[in-house]
2 protein chains.
Amino acid sequence: MGKDTKQRLLQQGLASFMTKGFNHTGIQEVLEAVDVPKGSFYHYFKSKEDFGKQVLHFYSGQMLEWTKAAFDHPELPPLLRFRQFFDQARAKFDQAGYSGGCLVGNMSQEMGDLSQEFECLLEAKMAALAGIFADQIREAQARGEMSPDRDPVLVGNFLVNSWQGALLRMKVAKSPAPLDAFISVAFDHLLV
Amino acid sequence: MGKDTKQRLLQQGLASFMTKGFNHTGIQEVLEAVDVPKGSFYHYFKSKEDFGKQVLHFYSGQMLEWTKAAFDHPELPPLLRFRQFFDQARAKFDQAGYSGGCLVGNMSQEMGDLSQEFECLLEAKMAALAGIFADQIREAQARGEMSPDRDPVLVGNFLVNSWQGALLRMKVAKSPAPLDAFISVAFDHLLV
């Protein structure tokens, strides 16, 4: 029951932050949306900032699981795992009407410059994804699928950042074109 | 005098939006920062939304001028113009302590999903920059500086989006590394 209340608060926080942003979301509207009293909120979260961090962990934990599952296919060539990862992500955004984007990217835009604590947390999430990408690139190179002249760490980070940029553009283009441009350029010219 | 007041409001709006975002900025604090009465604000701007749009035009007008000046060097090879453009942008962010980013990107993240009017406006600004990039790529290809297998429109858009992604990451990394990764990958593997 308690765990369920916390879960509902985290889920509603995620939905609100995704649409309106963290700063623009009031705790009151989160509480009303899930019909939870204020005292209950402060039982689970010390402050709005603490809530923001826990929602971020909740979201990035889900994303990390999803990412690891997408890449956990030793039977497939590494570049095909990459391709499936981005194709699956694109399919998710098709369903979401090209809205929302990634909470890590959204909060980086919003909280970068406003909170050093959030900056560190967000940078760590980005770096974790870049590390997964770099590992896949190394494996692709070791298998002779990719040119050894691509620096795994550099290209891994570039792809994470570029993907965030594609999601940002998607939100104003309201079309899959930025994701398609990313996939096409990445697989035609970088992951080769 | 009147023009100066409007200019000061736009400049203060730009500074506030850059740090705190559009939604999180109150008109009252903008007025106080430049010591302008409320009535004066509503003489120039119909609403906060109108103010937001005019600040966006003010900023992107400046950026467009700056971009055009950076590329307006017929004596230089197109790829060198590109290089100088990104190097100059990087130098600006060095000075700014890797904060702020680009208002068009920031507002895309913030207002995408919240306002169709802003979405259209922001997409148009992004597309204008992508158009300039595509022209440079076409010229580089015509001069034999770049492989004809790069699609100018696709790569132009990819670079705009990836640059926005690099700026987003810069804001949480608080370092030039994401900009350097962008420049290095773009010039080693895409603009070739």
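Helices here are DSSP runs of H or I with at least four residues, numbered from the N terminus. With that in hand, welcome to a set of close-ups of a predicted model.

**Figure 1. The end of helix H7 in chain B.** Helix H7 of chain B covers residues 116–142, which makes 27 residues. From its first C-alpha to its last it reaches 38 Å, close to the 39 Å expected at 1.5 Å a residue. Just after H7(B) comes Gly144(B), whose phi is positive at about 75°.

**Figure 2. Helix H4 of chain A and its buried residues.** Residues 48–71 of chain A form helix H4, with 24 residues. At 1.5 Å a residue, a span of 34 Å should result, and the end C-alpha atoms are indeed 34 Å apart, so expectation and model agree. Which residues of H4(A) are buried? Among them are the aromatic side chains Phe51(A), Phe58(A), Tyr59(A) and Phe71(A). Asp50(A), Gly52(A), Lys53(A), Val55(A) and Leu56(A) are buried as well, and Ser60(A), Thr67(A) and Ala70(A) complete the list. While looking along the helix, it may help to recall that an α-helix has 3.6 residues a turn, so residues three or four places apart point the same way.

**Figure 3. Leu76 in the loop after H4 of chain A.** Follow the chain on from H4 and you come to Leu76(A), placed in the loop between H4 and helix H5 (78–95) of chain A. Is Leu76(A) buried or exposed? Its relative accessible area is 17%; because buried means under 20%, Leu76(A) counts as buried. Not counting residues up to four places away in sequence, Leu76(A) touches Arg81(A), Gln84(A) and Arg143(A).

**Figure 4. Lys174 in both chains.** In chain A, Lys174(A) is found in the loop between helix H8 (152–173) and helix H9 (177–190). Lys174(A) has a positive phi of about 50°, although it is not a glycine. Lys174(B) lies in the loop between helix H8 (152–173) and helix H9 (177–190) of chain B, and this non-glycine residue also has a positive phi, of about 50°. How exposed are they? Lys174(A) counts as partly exposed because its relative accessibility is 30%, and Lys174(B), at 28%, counts as partly exposed too.

**Figure 5. Pro176 of chain B and its contacts.** Pro176(B) is found in the loop between H8 and H9 of chain B. Setting aside neighbours within four places in sequence, Pro176(B) is in contact with Arg90(B), Asp94(B) and Tyr98(B). For a sense of distance, take Gln116(B): Pro176(B) and Gln116(B) are 60 residues apart in sequence and 33 Å apart in space, C-alpha to C-alpha.

**Figure 6. How the two chains are related.** A turn of 180° with a shift of 0.0 Å along the axis lays chain B on chain A, with an RMSD of 0.0 Å. That is the relation of a two-fold axis. Of the interface residues of chain B, 100% are also interface residues in chain A, so the copies meet through the same surface.

**Figure 7. The cavity and its lining.** The count comes to 1 cavity of 30 Å³ or more. About 240 Å³ of space lies in the largest cavity. Helix H1 (2–20) and helix H6 (103–111) of chain A, together with helix H1 (2–20) and helix H6 (103–111) of chain B, are the elements that give two or more residues to its lining. Which residues lie nearest the centre of the largest cavity? They are Asn106(A), Gln109(A), Glu110(A), Asn106(B) and Glu110(B), from a lining of 22 residues. By class, that lining has 4 nonpolar, 12 polar and 6 charged residues.

Note on methods: Residues numbered from 1 in each chain as written. Chains lettered and ligands numbered in written order. Predicted model: local features only at pLDDT ≥ 70, side-chain atom pairs only at ≥ 80, totals over all residues. Heavy atoms only, no water. Buried < 20%, exposed > 50% of the residue type's maximum accessible area, 1.4 Å probe, protein only. Least-squares fit on C-alpha atoms with pLDDT ≥ 70 in both. Contact = heavy atoms within 4.5 Å. Expected span 1.5 Å × (residues − 1). 1 Å grid on protein atoms, 1.4 Å probe; cavity = no way out; pocket = protein on both sides within 12 Å on 5 of 7 lines; lining within 4 Å. Points joined across faces, edges and corners; volume = space filled by probe spheres on them. Nonpolar A, V, L, I, M, F, W, Y, C, P; charged D, E, K, R; others polar.
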